[in-house]
Amino acid sequence: MFMEEEKGYIIVTPGTLLATTPKTGNGTYTLNKKTYSKYLGILKRSETHINVLPFKYSYRPMAGDRIIGRVKDFNYPFFIVNMTSPAPSFLYLSDVSSRFMEQDELMQQYKPGTWIYAEISEISDRIKLSMKMTEARKLEGGRMASVSPSKVPRIIGKSASMIKMIQEKTKTHILVGQNGVVWIKGDNAGIVVKAIEKISREAHISGLTDRINKFIESELKNGK
Amino acid sequence: MENKLIKDGERLDGRKLDELRELKAELNVSKSTAGSAMFSIGDTIAVATVHGPMEVYPRFLENSEKAVIEVNYTMLPFSTDDRNRPGFSRRSVEISAVIKRVLERIIILEDLPKTKIIINIDILGADASTRCAAINAASMALVLAGIPMRDMVSSCSAGKVEDTLILDVAGKEDTEGDIDLPIAYFPLTDEILLLQMDGIMTKEELDKLLDMVKGGCKQIYDFQKETLLNIEKDLETK
């Protein structure tokens, strides 16, 4: 009805009929053996699946996700970490580091307000974080940016092509959390924030990496 | 016969019997919320803002199988001709409750266990059928907030004035008419999620009125859909 085939992508609203047979996929549901959309988003069809990529959705934690969060409080035996999801997550003292550290030392290092890069190790009645992986770290300095979690795959790009390109061009260091929080360190952090905003606006239009490449080049020229 | 409400099939404001007032909508009116929308039909203006999904407080309301929703409907002091006392009234609590029941049917609550969604609806201008405008605005704001939904819901009112059935009651027709019947309509399964009525009418009249009001709801549904699809086109050009 309101579809636009010629642009290469189709926008759907909730309740749009996608297939007259029950099909599996993300962002869809079945009712009376028909498949409908759940979100306002971009329709992606494959032979077996129908997916709807929402423009915006709230982050739903999954075990194994790497996230950027902020230490809110300490309450023995765990730190409470805020990671922009509906429920807070918990970082137990035993999971903070792979080597043994005294509680006093940990409390000195992870004061409330500290940003950390951690992994979700377990989801049971509460969300447990772990910092035992090698990439886990405390984030010092730098700048934070926030995007919708649905845009995170676009910021990283196919086999991390987008993020590698941005890092090389701007000579910055970037960490992206699955929850949509981005940490940028370097002199050109402002340009990266602008580029990320552009990505989240134009994620569904093809040729994204080239456009971001041109955008960063022109921004770098303007800066000098 | 000067103060007749309907003359030769035309109403006071020049509309036909089965014509809606002018529809307007604006999306993402507030940046600090997950999603927000303004919906206006004639002089009735509703602004809905959605917060969440978030943690459930108080804790005992938490449901481990589905989300909890909270609806706050308020009419602002300047919305009516006489100043309206700010805060909750008996009327606003009732309307919040009926809107909540409508929205519970269209949100897929099972997808968001242990969370709470707050929907605040403010009426900036009241010229009859405020609850309809409120439902329409809330439905659009929920879509923009990225909350999983079965479908959008649209709502519209109808009534009887001087033994004539009319769509979208407004102004004098509301205060002097015989019947006011707001409904919320779920187009996907052809269900009515809200039906309130005051006045007396026959069964045949009700059937006719329901057909008419469903047509109005479908018009509003198409308008909502078109607006939502257009905002994404605006995004690209920015």
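**Entry 1: a serine in a loop**

I opened at A:Ser159, which sits in the loop between helix H2 (152-156) and helix H3 (161-170) of chain A. A reminder to myself before going on: this is a predicted model. The backbone caught my eye, since phi of A:Ser159 is near 40°, a positive value in a residue other than glycine. Is A:Ser159 buried or exposed? I found a relative accessibility of 69%, so A:Ser159 counts as exposed, the cut-off for that being over 50%.

**Entry 2: a second positive phi, in chain B**

I then looked up B:Asp168, where phi is near 60°, again a positive value in a residue other than glycine. I placed B:Asp168 in the loop between strand E9 (164-167) and helix H3 (172-176) of chain B. Its surroundings needed a check too: B:Asp168 has 1% relative accessibility and therefore counts as buried, as the limit is under 20%. So my two loop residues part ways here, with A:Ser159 exposed and B:Asp168 buried.

**Entry 3: cis peptide bonds**

Next I went through the prolines. In chain A, I noted a cis peptide bond between A:Tyr76 and A:Pro77, with omega at about 5°. A:Pro77 belongs to the loop that runs between E7 and strand E8 (78-82) of chain A. In chain B, B:Tyr57 and B:Pro58 are joined by a cis peptide bond as well, and omega there is about -5°. I traced B:Pro58 to the loop between E5 and strand E6 (68-75) of chain B.

**Entry 4: chain A as a whole**

I stepped back for some totals. Chain A has five helices and 15 strands. Along the principal axes, its C-alpha atoms fill a box of roughly 65 × 55 × 25 Å. Of the 224 residues in chain A, 47% are buried. I also looked at how far apart in sequence the contacts reach: among contacts in chain A with a separation of 6 or more, 55% are between residues 24 or more positions apart.

For the surface, I wrote down about 11800 Å² exposed by chain A, with carbon and sulfur atoms supplying 49% of it. On charges, I have 34 positive and 22 negative in chain A, and their mean positions are 5 Å apart.

**Entry 5: the largest pocket**

How much space lies in the largest pocket? I noted about 1600 Å³. The pocket is lined by 50 residues, and the closest to its centre are A:Lys56, A:Ser148, B:Lys31, B:Thr33 and B:Ala34. Both chains take part, so I listed the elements that give two or more residues to the lining:

- From chain A, I have strand E7 (66-75), strand E13 (143-146) and helix H4 (189-202).
- From chain B, I have strand E4 (35-41), strand E5 (44-54), helix H2 (130-144) and helix H4 (203-237).

Which element gives the most to this lining? My answer is H4(B), with four residues.

**Entry 6: a methionine with partners in both chains**

I moved on to B:Met149, in the loop between H2 and strand E8 (154-161) of chain B. Its relative accessibility is 0%, so B:Met149 counts as buried. I wanted to see what surrounds it. Not counting residues up to four places away in sequence, B:Met149 touches A:Pro14, A:Tyr29, A:Ser37 and A:Lys38 among others, and its chain B partners include B:Ile106, B:Ile108, B:Ser139, B:Leu142 and B:Val143. B:Ile107 is another of these partners; B:Met149 and B:Ile107 are 42 residues apart along the chain, yet their C-alpha atoms are separated by 4.4 Å.

**Entry 7: a buried serine**

B:Ser96 lies in helix H1 (residues 90-106) of chain B. I read 7% relative accessibility, so B:Ser96 counts as buried. Setting aside neighbours within four places in sequence, I found B:Ser96 in contact with B:Val71, B:Asn72 and B:Tyr73.

**Entry 8: two last loops in chain A**

I looked up A:Glu140 in the loop between strand E12 (137-139) and E13. Leaving out neighbours within four places in sequence, A:Glu140 is in contact with A:Trp183 and A:Lys185. From A:Glu140 to A:Ile155 I count 15 residues in sequence and 22 Å in space, C-alpha to C-alpha.

That A:Lys185 gave me a link to A:Gly207: the two are 22 residues apart in sequence and 26 Å apart in space, C-alpha to C-alpha. A:Gly207 is in the loop between H4 and helix H5 (208-223) of chain A. With a relative accessible area of 42%, A:Gly207 is partly exposed.

Methods:
Residues numbered from 1 in each chain as written. Chains lettered and ligands numbered in written order. Predicted model: local features only at pLDDT ≥ 70, side-chain atom pairs only at ≥ 80, totals over all residues. Heavy atoms only, no water. Buried < 20%, exposed > 50% of the residue type's maximum accessible area, 1.4 Å probe, protein only. Contact = heavy atoms within 4.5 Å. Areas by Shrake-Rupley, 256 points an atom, 1.4 Å probe, with all protein chains shown as cover. Lys, Arg positive; Asp, Glu negative; His and termini not counted. Charge placed at Lys NZ, Arg CZ, Asp CG, Glu CD. 1 Å grid on protein atoms, 1.4 Å probe; cavity = no way out; pocket = protein on both sides within 12 Å on 5 of 7 lines; lining within 4 Å. Points joined across faces, edges and corners; volume = space filled by probe spheres on them.
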